[in-house]
Amino acid sequence: MNSVRADGLPSQDKKISLFLVWIIFFSYSTCLAILFQKLILPAIPSLHGGMGLLIGDAEAFHHDALLLAQRISTEGWASWSAWPDQYNTGNVAILGALYAVFGDDPLLMLPLNAAMHALSGVLIIACGWRLGARKGAQIASVVVGTLFVVFPSALNWYAQLHKDNYSNLAYLLIFHAVLRVVQGSGRKEWTASFIQSMIGACLLAFVRPQYISILLLLIGVAAFVVVVSYGVFRLENWRRLGVIRIVMLFVILASIAMLGRVINANAKFDAKVENLEVYQDSLARKDRVVNAWQETSWLPRMIDNRLKSIAELRAGMLFYGEKARAGSTVDPDYRMTKAVDVLAYAPKALLNAVFAPFPSTWVDARSPTRIVGVFEIAVWFLLMPGLLLYVWRRSTVAGIAILAAVLAVLGLLGLVNTNLGTLHRIRYPFLFMLMLLGSIGWSDAVGKWIGKRRTFRNRSAPEAKPVVAQPLESTQPAAEKNERSQLVRMGIWVLGISLIGLAGLFLRDLVMARIFGLGAVLDAVQIGSVLPTFFAALFFVPLTNAITPELIRRQGMDRLVAQEWIRDILGWSLVGALLVIGFCLFLWEEQGRSGFHPDGANAVFGMSLAILALSGWVTIGNAVLNVNGMQRMAAVGQMLVPWPPILLLLFMGDAGGAMVVATGMVVGQLLNLLFVMRKVKAAGFVLWPRFGHRPVVSRDTVWGYLSITATSFLFGAAVPLGTWLAMQLGTGHAGAFALGYKMLSLTYAVVSALTTAVVVPYFSRHIVAGDMWRAKHGLAKLLYMSLLVSVPAAALLFGFANQFVSLLFGGGRFSADDAYTVAKVVQFASLQLPFMISNLLIVRFAEVSSQASRALVITVLAQVVTLFLAIYGFGGLGVAGVALAGSAGVIASTVCFLFLLIKDDVLGWLDAGLNLIGWWLFLTLCMCLYFSSGAGAVIVCVIFVLVAVTELLPAWRRAPKDGQELLESM
């Protein structure tokens with residue numbers, strides 16, 4: 001994908017990439033801001049001022065916004081102003097308007113703050129891509145833009161109510177506009193840069209109208225460098241473009257100066273810079289005299305007055321720091337009484353602005369805020385040599401103009417601001433421009449070193465013959481389209497039939513809840529069946545997927561050999577079932593010693609062991625049906641299972657207790673087995689075990705089975721673990737947990753059956769035939785489709801969990817407290833739904849592509865994370881914490897799988913990136929819903945729809961034009 005044109009300007013693909021990066025940054029900022037306000041700050045009382053706000057300015061802004069909202073409600077919207085009073089500006093104006101409409105919740109500002117912070121990070125990247133067109137420089141720009149977004153100190157403004165979000169964005173808009181002017185070569189580019197610069201100036205005037213002079217200094221210094229470069233040194237075709245670029249810079253400069261004059265005409269801000277008059281009055285009341293300014297005769301009066309303003313500003317900031325008891329004031333005793341004092345202090349002010357806090361003071365950092373500041377400035381010190389490399393090796397007019405402008409502004413900020421905390425907050429975008437140039441310098445130096453090593457290796461290596469890729473057949477796109485249609489049709493059939501079975505299982509639990517309520521009977525059913533059901537899913541359900549590739553190979557060579565192999569596998573599975581039953585009995589006896597078995601649980605457990613014994617028989621038969629294109633019949637057999645217990649419950653009511661349910665479950669499993677055996681016979685196989693013969697099983701089949709087993713453990717272990725924890729909470733809790741987790745468990749069962757019946761044979765056929773590219777292409781499409789379906793469904797389940805639970809289970813003995821407990825389990829369990837489906841697809845691909853061992857390792861590690869979090873991390877949340885821990889383990893394993901697919905060239909960065917964006921947006925949406933940030937939820941939904949319409953749906957429909965394009969894209 002071509003990302004940058006030859007002239008270094010961003011192409012259309014790069015603009016799309018920047019949009020996707022903005023989505024990632026926005027999601028990150030939203031999630032972290034919510035966590036900061038709702039979880040982190042309340043845990044630190046010394047910093048928390050209430051409502052998720054820091055003590056100090058954020059509290060003051062919130063209070064002033066409340067007053068403005070009250071004034072709007074009493075006097076009407078005519079009382080609203082962009083600058084509410086002489087002490088507040090645009091940030092309070094927007095916040096007050098939001099409070100007046102939606103109520104006083106600081107979270108209302110979160111979406112806007114996150115959007116501006118994310119856009120600022122994107123502008124850092126965009127500036128870097130203009131300053132360096134090489135791949136290394138582009139990567140370095142992304143790194144610096146990411147650091148801009150993720151540095152902890154930024155939480156002070158994008159997670160609070162400060163002005164810095166607006167001003168940072170304004171400065172970076174100006175920097176980018178200057179680059180567009182200096183590098184532009186057409187009317188369209190220059191017009192866009194002028195509009196962008198005016199947007200930045202208006203944005204800064206909105207929150208800090210007194211800082212317009214900083215923009216004038218920034219653009220003026222940049223224009224001076226461009227004039228010197230073009231006019232004196234005659235660089236870069238100055239006759240053709242230099243004059244126009246210089247004129248454009250001065251047009252922007254004059255326009256911003258005119259904007260400043262219009263603002264200064266407002267008496268509300270006349271002669272007011274950071275409340276200077278208030279500071280001076282307060283100083284006078286404390287009987288302290290502000291040193292009188294001594295004019296310098298040899299300086300023009302205009303310059304002398306400017307230096308006098310700087311000295312007065314510094315005096316005001318010193319007073320403010322003393323009033324706030326700031327502990328990081330720089331040179332509090334230094335007084336500026338004449339122009340020479342200001343000029344003499346300028347070099348030290350620049351050093352403070354660029355390098356403070358200095359390394360000699362790092363070890364003195366004790367507070368969390370100072371430790372964070374030391375860490376962030378240390379990153380700048382690491383990048384600083386790269387700035388020298390940039391200036392020495394590849395400086396351009398644009399780069400030097402930006403560097404000079406940044407240093408000029410930092411020098412001014414160092415003169416005025418006496419507190420390092422305030423200075424760090426205000427210098428943030430300017431310091432990152434220096435870090436950007438430093439990272440580009442480092443990337444160029446490292447890239448040149450790597451290039452020299454490659455050249456040396458290429459000279460010493462023997463010349464290799466070029467490999468010419470042969471184009472695939474022209475009918476391939478049509479074949480792929482036809483096969484994709486068949487896959488979708490089969491998937492719809494299997495999904496529809498499985499949903500009927502899902503509805504039956506869910507109806508069974510609903511009938512039990514209505515008849516028995518949350519009590520001992522429902523606990524007996526859940527506790528008695530949980531271990532056999534878990535071990536059946538763990539050891540025997542994976543047989544369907546594990547033996548499918550091998551069965552396809554054997555059936556393709558000799559059908560009779562495949563028949564005997566299946567009978568041997570079935571015989572050994574029954575032997576294995578006896579061993580598993582013995583282990584299950586041991587666990588049951590150990591569990592019984594703790595006294596957690598309610599009446600009827602032993603009978604249910606015994607009947608469930610019969611279901612466990614038959615599970616391997618059924619799943620092996622399903623594999624035969626799937627391989628022979630009879631996936632629908634396998635789904636029909638599964639559909640029969642839940643209806644016998646439902647009929648028995650409706651007929652007998654609560655007369656038979658838990659035993660009625662257990663008997664119906666055994667009858668349903670027997671019906672499933674008989675139906676499968678009949679359909680397997682119709683396919684030409686005999687589903688009867690053969691003992692005494694050891695089947696030949698390949699290594700890939702063994703690893704595939706172990707991988708699927710580990711995946712089943714990853715998704716299924718939360719059920720017995722949660723049941724065990726719930727048992728210790730008292731009667732009724734085990735049933736509550738089972739009901740809450742049932743939605744996810746049944747969804748997993750349906751998706752697992754769907755992928756087993758449709759996806760595994762699809763992957764197996766192509767990989768066995770050596771057509772790996774089509775298998776990879778299919779995986780990418782299926783991942784896209786899983787996002788489009790699972791994210792909306794999971795978000796609805798998360799957001800309306802209370803309503804769903806009350807609607808389905810409410811009534812009878814199901815109390816409001818029971819509904820709340822079950823709803824929390826549903827909420828936290830639904831977080832893993834999109835990841836679970838993607839994980840299943842990836843694992844299915846790994847199983848049939850000889851990568852099962854890797855899948856096994858990742859799933860086992862993820863399950864360790866799940867168990868650790870369930871016991872030590874989220875144990876205080878009860879059974880809901882177990883569900884949350886299970887979701888965390890699934891999320892971790894899925895993300896690891898995705899990066900391994902990138903490493904193995906199974907997925908490209910764009911495909912993987914879109915999946916990551918979709919998942920991140922989903923988690924952001926859930927966090928907004930959980931903490932009642934309605935505005936954030938709406939914005940995230942809109943962004944997801946945009947991503948779906950512009951990227952996911954076109955990617956699903958997109959098919960390669962020919963085989964050569966496929967080879968080039970892999």
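How many of the 27 residues of α21 are buried? The count is 21, so α21 is largely enclosed by the rest of the structure. The legends below start with the whole chain and then move in on α21 and other places; keep in mind that this is a predicted model.

**Figure 1. The whole chain is a set of 36 helices with 0 strands.** Of the 970 residues in the chain, 55% are buried. The surface that the chain exposes comes to about 42,400 Å², and carbon and sulfur atoms supply 66% of it. Now think about which parts of the sequence meet in space. Among contacts between residues at least 6 apart in sequence, 80% join residues at least 24 apart.

**Figure 2. Helix α21 has a kink centred on L614.** This helix runs through residues 601-627, which makes 27 residues. From its first C-alpha to its last, α21 reaches 39 Å, close to the 39 Å expected at 1.5 Å a residue. The kink at L614 is about 35 degrees. Follow the chain onward and you come to G629 just after α21, where phi is positive, at about 75 degrees.

**Figure 3. V624 is a buried residue of helix α21.** Why does V624 count as buried? Its relative accessible area is 0%, and buried means under 20%. Leaving aside neighbours within four places in sequence, V624 is in contact with L551, I566, V680 and F685. Look for T544 as well: T544 and V624 are 80 residues apart in sequence, yet their C-alpha atoms are 8.3 Å apart in space.

**Figure 4. Helix α15 is mostly covered.** Residues 397-416 form this helix of 20 residues. Buried residues account for 16 of the 20. The distance from the first C-alpha of α15 to its last is 29 Å, close to the 28 Å expected at 1.5 Å a residue.

**Figure 5. Salt bridges can be found at buried residues, as with E189 and R180, and at exposed ones, as with E295 and R301.** The structure has 11 salt bridges. In one of them, E189 pairs with R180, and the closest N and O atoms are 3.2 Å apart. Both of these residues are buried. In another, the side chains of E295 and R301 meet at 3.3 Å, N to O; here both partners are exposed.

**Figure 6. D341 and K338 are joined by a salt bridge.** Their side chains meet at 3.5 Å, N to O. D341 has a relative accessible area of 14%, so it is buried, because the word applies under 20%. K338 has a relative accessible area of 29% and is therefore partly exposed. Elsewhere, salt bridges that share partners join R130, R180 and E189 into one network.

**Figure 7. F19, V938, V942 and L946 make a nonpolar patch on the surface.** The area of this patch is about 320 Å². Which helix gives the most to the nonpolar patch? That is α35, residues 934-957, with 3 residues. L946 is found in α35, and with a relative accessible area of 40% this residue is partly exposed.

How values were computed
Residues numbered from 1 in each chain as written. Predicted model: local features only at pLDDT ≥ 70, side-chain atom pairs only at ≥ 80, totals over all residues. Heavy atoms only, no water. Patch = residues over 30% accessible without salt bridge, like charges linked within 9 Å, V, L, I, M, F, W, Y side chains within 5 Å. Areas by Shrake-Rupley, 256 points an atom, 1.4 Å probe, with all protein chains shown as cover. Salt bridge = Lys/Arg side-chain N within 4 Å of Asp/Glu carboxyl O. Helix = DSSP H or I, 4+ residues; strand = E, 2+ residues; numbered from the N terminus. Buried < 20%, exposed > 50% of the residue type's maximum accessible area, 1.4 Å probe, protein only. Expected span 1.5 Å × (residues − 1). Bend = angle between axes of the 7 residues up to and from the residue. Contact = heavy atoms within 4.5 Å.
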